[in-house]
Amino acid sequence: MYYIVDTLEILSIMKNLISILICAITIQVHGATIQESLYIIRDSISVSNGSNIPYLTFNSNSSDFYIESPLIILDEGDSLKLWIVNEDSIDHSFEITNVTGSSALIPQNDSVLVELKFNNSGGFIYRSNVSNSDYAYCGLSGTIIVKNHNHPSFYWNLREHDSLFNTSIMTGNNVNWSNYNPKFFTINGNSHPNINSDSLARINGNINDTIILYISNCGRSLHSIHFHGFHLEIINSSFDLEEIGRFKDTFPIRQQESLILRLIPDKLGEYPVHDHNLVALSGSNIYPNGMLLTMLIQQ
Ligand SMILES: [Cu+2]
C-alpha cells in the first residue's frame with residue numbers, strides 16, 4: 001500500500017514537472033525574437049513604359065536595390081529587432097503606424113536599433129515620416145504583418161508612381177498633392193501582367209479554404225479594389241473598426257491604411273481583381289496595366 005501511494009505521488013510530481021516544462025517551451029516558441037536589417041538606399045525604378053523614376057527604399061542588404069521594402073511577418077507575441085542603416089544623403093526618421101514607441105531618428109551614415117514587442121495581430125506600415133511622409137510615398141515604406149492563425153495568406157502593397165513628384169520630393173522641394181496625377185500603379189512593385197507571377201500576391205486556393213488577404217496602401221491615392229465572383233469579409237482595418245464584419249465585393253483602401261480580408265471560396269475558377277479607378281488599370285498610355293490580377297480557385 002505504502003509503495004502504491006509513493007508511486008502515485010511520484011507519478012503526480014513527474015506529471016506536474018512535465019506540464020511546467022511544456023508550458024515553458026510553449027511560451028518560448030510563442031515569443032520568438034525576429035531580427036531584420038533595413039538599409040535606406042536611394043536609386044531609381046524602371047516602370048512599364050521603360051522610363052526611370054527616382055526612388056528610395058528600405059532594402060534588406062546594402063548592395064542590392066529592390067522596389068519593395070521587405071515584408072516582415074511575425075506571430076502575435078513576437079518581438080522585432082530592427083537595425084535601420086541610413087545610407088542616404090539626408091537624415092531620415094522612422095515610425096510604425098499605430099505602434100507607440102516606434103519612432104526613431106536616423107542621421108545620414110548612421111544606424112539605429114528599434115526593438116518592439118507585438119502583442120496584437122494586424123497589419124502595420126513602417127515608414128519614413130520626413131516631410132510629412134512624402135518620402136514614404138517615394139518608396140520608403142513597407143509592411144509588417146502580425147498573424148494569429150495558420151491559414152493560407154496573401155499580401156498586397158499598393159502604390160502609385162509619378163516621376164515629377166518623386167523628382168521634386170527627392171531633391172528637397174515641396175509638392176502640391178492637389179495636383180497629384182500618378183501614371184503608374186503597382187502591387188508589390190509589379191504591374192499587370194506580372195502581378196500574377198508573384199506568389200505572395202496571387203490568391204491561389206481551394207474551395208472552402210479560409211484565405212486571408214492583407215492589403216496595405218503605401219501610396220497617396222485611394223484605391224478601390226473590386227473582387228469578381230466573391231464577397232469577402234473585413235476582419236480588420238487600421239482606420240475604421242466599424243467596418244469589421246462587413247461582407248463586400250469592393251473595398252476602398254485609404255492612403256496608409258492596412259486592411260485584412262477573409263475569403264472562403266465556394267466555387268472553382270479564375271476571377272479578376274482590379275482597382276475600380278480606371279486610370280489605375282493603365283501605365284501611362286499602356287492598357288491594360290497597373291492594378292489588375294486574377295485569383296485561381298481549385299478543387
Ligand atoms: Cu470589377
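**Figure 1. Confidence across the predicted model.** The protein averages a pLDDT of 91, and 90% of the residues score at least 70, in what is a predicted model. Two stretches depart from this picture: over residues 1–5 pLDDT stays under 50, and the model has zero contacts for them beyond four places in sequence. Over residues 20–28 pLDDT likewise stays under 50, again with zero contacts beyond four places in sequence.

**Figure 2. Overall make-up of the protein.** The protein has three helices and 20 strands, and buried residues make up 38% of its 299 residues. Among contacts between residues at least 6 apart in sequence, 65% join residues that are at least 24 apart.

**Figure 3. The open sheet of six strands.** The strands of this open sheet follow the order β11-β10-β13-β18-β15-β16, and their pairing is mixed. Strands β11 (184–187) and β16 (247–248) stand at the edges with a single partner strand each, so one side of each is left without a neighbour in the sheet. Strand β10, which covers residues 153–161, runs antiparallel to β11 and is joined to it by four bridges. Within this pair of strands, Glu160 stands opposite Phe185 in β11.

**Figure 4. The largest nonpolar core, with a close-up of Leu213.** The largest nonpolar core has 67 residues, and those with the most contacts inside it are Cys138, Ile144, Leu213, Ile215 and Leu261. In soluble globular proteins, nonpolar side chains tend to be buried together. When its neighbours within four places in sequence are left aside, Leu213 is in contact with Phe154, Ile203, Leu261 and Leu263. One of these partners, Leu261, is itself listed among the residues with the most contacts inside the core. Another partner of Leu213 is Phe154, whose position falls within the span of strand β10, residues 153–161.

**Figure 5. His276 in the loop between β19 and β20.** His276 lies in the loop that links the end of β19 (269–275) with the start of β20 (292–298). His276 counts as partly exposed because it has 14 C-beta neighbours inside 10 Å, whereas a buried residue would need 20 or more and an exposed one would have 12 or fewer. Leaving aside neighbours within four places in sequence, His276 is in contact with Ser224, His226 and Thr250. The C-alpha atom of His276 is separated by 9.7 Å from that of Leu292, although the two residues are 16 residues apart along the chain.

Definitions and conventions. Residues are numbered from 1 along each chain as its sequence is written. This is a predicted model: local features need pLDDT of at least 70, side-chain atom pairs count only at pLDDT 80 or more; totals for chains, interfaces and linings use all residues. Two strands pair if DSSP finds at least two bridges between them. Helices (H or I, at least four residues) and strands (E, at least two) are DSSP runs, numbered from the N terminus. Two residues are in contact if their C-beta atoms, placed from the backbone, lie within 7 Å. A nonpolar core is a set of buried Ala, Val, Leu, Ile, Met, Phe, Trp, Tyr and Cys residues joined through C-beta atoms within 7 Å. pLDDT is the predictor's confidence in each residue, from 0 to 100.
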